[in-house]
Amino acid sequence: MKNRPDYVAHACLLLGVVLFALPVWLVFAGSTQDSNAIERGEISLMPHLGGLGIYPDVLLHGSMGSAPVWHMLMVSFGMAMAIAVGKIVISVLSAYAVVFFRFPFRRTAFWVIFITLMLPPEVRIIPTYAVMSQMHLINTFPGMTVPLIASATATLLFRQVFAAVPDELVEAARMDGAGPLRFLWDILLPVSAANIAALFVILFVYGWNQYLWPLLVATTPGLDTIVIGIVKMIGVETQTQWNAVMATAVLALLPPVVVVVAMQRWFIAGLTEGDK
Amino acid sequence: MKRRTLLAGSAALAATATPLVASIPAEAAGPTKIVLWHAMTALLADSLNTLCTRFNAAQTAYVVTPVYKGGYPDVMTATIAAFRAGQAPHIAQIFEVGTGSMLAAGKAIKEVWQLSKETGVKLDPKNYIPSVRGYYGLADGRMAGMPFNSSTAVMWYSKDAFEKAGLDPEKPPATWPEVVAAARAIKEKNAADIPMITSWPSWIQFEQYSALHNIPFASEADGFDGLGAKLEVNSKAHVKHVQRLLDMSKEGTFKYAGRDNIPDPLLVGGKAGIAFNSSGMRGDLTKSAKFKWGEAYLPYDPAIIKTPLNSIIGGAALWSMTAPHRTEAEYKGVAEFFAFLAQPQNDAFWHQKTGYVPVTLAGFAESQKDGFYKANPGADLPVKQLERGHVTKYSRGLRLGRLPEIRNIIEEELEKALQGQQNAQTAMDNAVERSNKVLRAFQRAVKA
Amino acid sequence: MERRTLFQGWKLPVALVLPQLLLTFVFFLWPAGQAVWYSMTQQDPFGLGSVFVGLSNFRELFADPLYVHTILRTLVFCFAVSALAMTVALALALVANRELRGRAIYRTLLIWPYAVAPAMAAILWLFMLDPEIGLLGHPLVKAGLPWDYHVSGLDAQFLVVLASSWKQISYNFIFFLAGLQSIPQSVIEAARMDGARGWRRLRTIILPLLSPTMFFLLVVNLVYAAFDTFGTIWALTEGGPGKATETLVIKVYRDGMINQDIGGSSAQSVVLMLGVIAITAVQFRFMGRRTKT
């Protein structure tokens, strides 16, 4: 259409890119600088390559009494995966039941699930903690993840996706003699793969970014997530080792960003189509 | 080394978390496990871990496992939630402003005197520095919370800035009029970016200020005599001080730089001429300040008092928590651990490593004896400030429920005044009115 | 919504919904029910004693002018964040929808902040704008500009709105871009033929076609700003200075978790629940209508 590059458009987009990247670059650059200099307000945008040693340092040894960062990364990863996979499995199953079957109290079941949308976590923390301890789930990995697995949003999404599956497809499957579970596995799941992938990205990010709940439920250093680890490094009444905090922040940012970027095609498609 | 203790600790904790249903006394041989929830990070956590490791090595009956639970409010929240769930830790480190709430916690806690009586482990109040013990004690002198990490507020100043401003760096101002004059000189000569700042505004400019001048912060002897206490920070003396801060802010000699420890970097970065802050900043300053700094007593207003009283403490105490099925052996372990911490060499270790003040007289003496104050001149100033004069009912500390909330209210109203939205009297009247509502709600809840 | 073809039997579907229902009961309904009960009691923090006080917690709440201010402040905050995050995202999407070299790369570089945790966004902006250690904040103050979000309520509000919207732009961008791409090129071409240009074309053709996306995003953004910004605000200002950045969720957390006023904060939680129910109802009706058409 036009041969001349659209300079204005490029300028706008670049501005947006910089707006997003600058704070992260700053934290990266800061992570390689002297902690005391940062505290004195002398942070700069130029990384000091000599300071990169902080990364293996925090990865292997942590910072000032924290668990090593690689371990916290593993915990975060495990938690994000468990929540993402758990939520998807549970939501797919319940949405499937609600859409393709008629059973007693179907509507009630649906509304019970739906109502969880309306209960912000702040409401429930103390009572939920009590439930957890009665079930001996304090200080356990399931305790950190299971309560976060129930999800109305995911169920609603799959309900919509499944509802949009044409009746003819179900008819055809039945003609071929496929039972309900075969149908779910062989036809429904492949058809909704993009939505599942998109949801996975969203839930992985959600799980990775949890803060308040794991802090309350997990009390052993062995169960520290990376987000909690950063907070622990910012000292109370003591010297904060800023470069270590910043290096850990960079490491904490990376995995969810990588997941989003690597899966962006499905993420975007699933996200926006699921809405239609 | 430390890593291994942590791992061992997690195993120990996982073990205590599960079998609480069984009220069968632990038949498994081996030491009794004691869990300690704390809010210490970095250097402080390391030092605490060292103390626990030493305790565990010194005897075989008990193993204390320190567990970091987040900041002070997090520890308190988690402890309360855990108690409600029947799983309170054996020991919880609760910040000083939580004392009122803890003492109202009835059977959730075992006060130190009670613990001492039941277990036969001697924990004598007389060993502890009076102004430290007083804050966590009952009105009659019995100890309730076990003093642990305590600091007090002092005045830090930049000797460089003082020199530049033509002030004597070895003679810091002792009274508020002198402080105002010094701040003006610093501003005039442009000797520092900011003439004066304060961290912990409510703690230092209201709570400490009241104690120093022997004026009530709240009625009922600052709350020690009953739950019916009302705030009294709208008194003439308080309003005068707020007005002073407002005036200084207006003329540019004082800068309000935020709540809690947010202004700390200004001090460490050498940007402030005078900085009110915790005595615990010594470690930070020694490690990373690039300027000559000095430490001085908190200033007083000679128009209100001729000789200032002792300052009060900040920091936290250890509380012995109860839980269903908690055994005598467990309480005994808690008491033994408390006694261990009070041994002179351990108290001195904690004091010298962390910059907190010693909590026992013997710990202070030990530090004098081993030459710590010769090597670190001025490090005993906070202790001297805590020890001077005699403790009155207004310099003992505060015993108010929901004090963290009250601190917030005071700071909010002060901030509004600093932004020019209200005058000093209105600000303090509002603070009192709002705080009293909180105090009444606490009173109702405790009586419930 | 109702489909004609169904599988038979009731045991299998019940087994399939059971795990979800179980989790919902144990971790949502039961605790939330307790919260409702707490809201009608006055109790000490340790739960040793509790008295039933009926609706007096609610009465006290709404009699407190500070609470009413917090409601209004939260509304302003939510709309400010939504407006900023949506406007910037729409602008970026409009530009990115043009025929450009490197469009895919731009898109990648614009969506990743979605993955940043709210508390992390706060930390990132702290290092940018803190008046003492911030890259931009420090020079600003040095240059004599009165920038200090610890003292000035306005500065603090600006900062939390900025940090909160920053993270949400990516999400909005994705939806706007998808919305724009679904507008047939021919429609835009036709408008161009008619001589509609620039701003007018945007207002008369594109925005109306985007309005379903916009409405959807508005709801999502409002909910995000109301609830998910807790980490951001808490890490930056803890609701201060004064109460300048205290939103409803900050207040619930402060009163419940820090001030240990279980009854009062539970009452606030219940009010919040009612709010979310209202928003969800609106959103659900809207989504329902769209799926039917």
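Helices, here runs of at least four residues in DSSP state H or I, are numbered from the N terminus, and this numbering places C:E238 in the loop between α10 (230-236) and α11 (248-258) of chain C. The model is a predicted one, and this loop residue makes a good place to start reading it. The phi angle of C:E238 is near 55 degrees, a positive value in a residue other than glycine. Most residues other than glycine have a negative phi. As for its surroundings, C:E238 counts as partly exposed because 13 to 19 is the range in between the two cut-offs, with 20 or more neighbours needed for a buried residue and 12 or fewer for an exposed one, and C:E238 has 19 C-beta neighbours inside 10 Å.

A second residue of this kind turns up in chain B. The phi of B:H325 is near 70 degrees, again a positive value in a residue that is not glycine. B:H325 sits in the loop that links β9 (313-321) to α14 (328-342) of chain B. With 13 C-beta neighbours inside 10 Å, B:H325 is also classed as partly exposed.

Strand β9 of chain B comes up again in the domain arrangement. Chain B is divided into domain 1, made of 2-150 and 313-375, and domain 2, made of 152-311 and 399-447. The C-alpha centres of these two domains of chain B lie 30 Å apart. Across their boundary, 15 residues of domain 1 of chain B are in contact with 19 residues of domain 2 of chain B. On the domain 1 side, α4 (99-103) and β9 of chain B each supply at least two of the touching residues, and the largest share, three residues, comes from α4(B). By class, the domain 1 side that touches domain 2 of chain B has eight nonpolar residues, seven polar and no charged.

Chain B also meets chain C. Here 25 residues of chain C are in contact with 32 residues of chain B. The elements of chain C that give two or more residues to this side are β1 (41-43), β2 (50-52) and α11. The side of chain C that touches chain B divides into nine nonpolar, twelve polar and four charged residues.

Within chain C, a helix pair offers a further view of the packing. Helix α5 (residues 118-129) and helix α7 (residues 153-181) of chain C pack at an angle of about 125 degrees, with their axes 9 Å apart. The two helices, α5(C) and α7(C), are therefore oblique to each other, and α5(C) passes α7(C) in a right-handed crossing. From α5(C), the contact is made by C:P118, C:A121, C:A122, C:W125 and C:L129, which meet C:L159, C:L162, C:A163, C:W166 and C:K167 of α7(C). Nine nonpolar residues, one charged and no polar make up the contact of α5(C) with α7(C).

Chain A supplies a buried example. A:S31 lies in helix α1 (residues 7-31) of chain A. Because 26 other C-beta atoms lie within 10 Å, A:S31 is buried. Leaving aside neighbours within four places in sequence, A:S31 is in contact with A:I54, A:N243, A:M246, A:A247 and A:V250. For one of these partners, A:V250, the C-alpha atom is separated from that of A:S31 by 8.3 Å, although the two residues are 219 residues apart along the chain.

Definitions and conventions: Residues are numbered from 1 along each chain as its sequence is written. Chains are lettered from A and ligands numbered from 1 in the order in which they are written. This is a predicted model: local features need pLDDT of at least 70, side-chain atom pairs count only at pLDDT 80 or more; totals for chains, interfaces and linings use all residues. Two residues are in contact if their C-beta atoms, placed from the backbone, lie within 7 Å. Ala, Val, Leu, Ile, Met, Phe, Trp, Tyr, Cys and Pro count as nonpolar, Asp, Glu, Lys and Arg as charged, and the others, Gly among them, as polar. Axes are lines fitted to C-alpha atoms, for helices over the stretch in contact, and angles run from 0 to 180 degrees between N-to-C directions. Angles under 35 degrees count as roughly parallel, over 145 as roughly antiparallel, 65 to 115 as roughly perpendicular and the rest as oblique. A crossing is left-handed if the near helix is turned anticlockwise from the far one by less than a right angle, and right-handed if clockwise. Domain bounds come from an automatic or database domain assignment.
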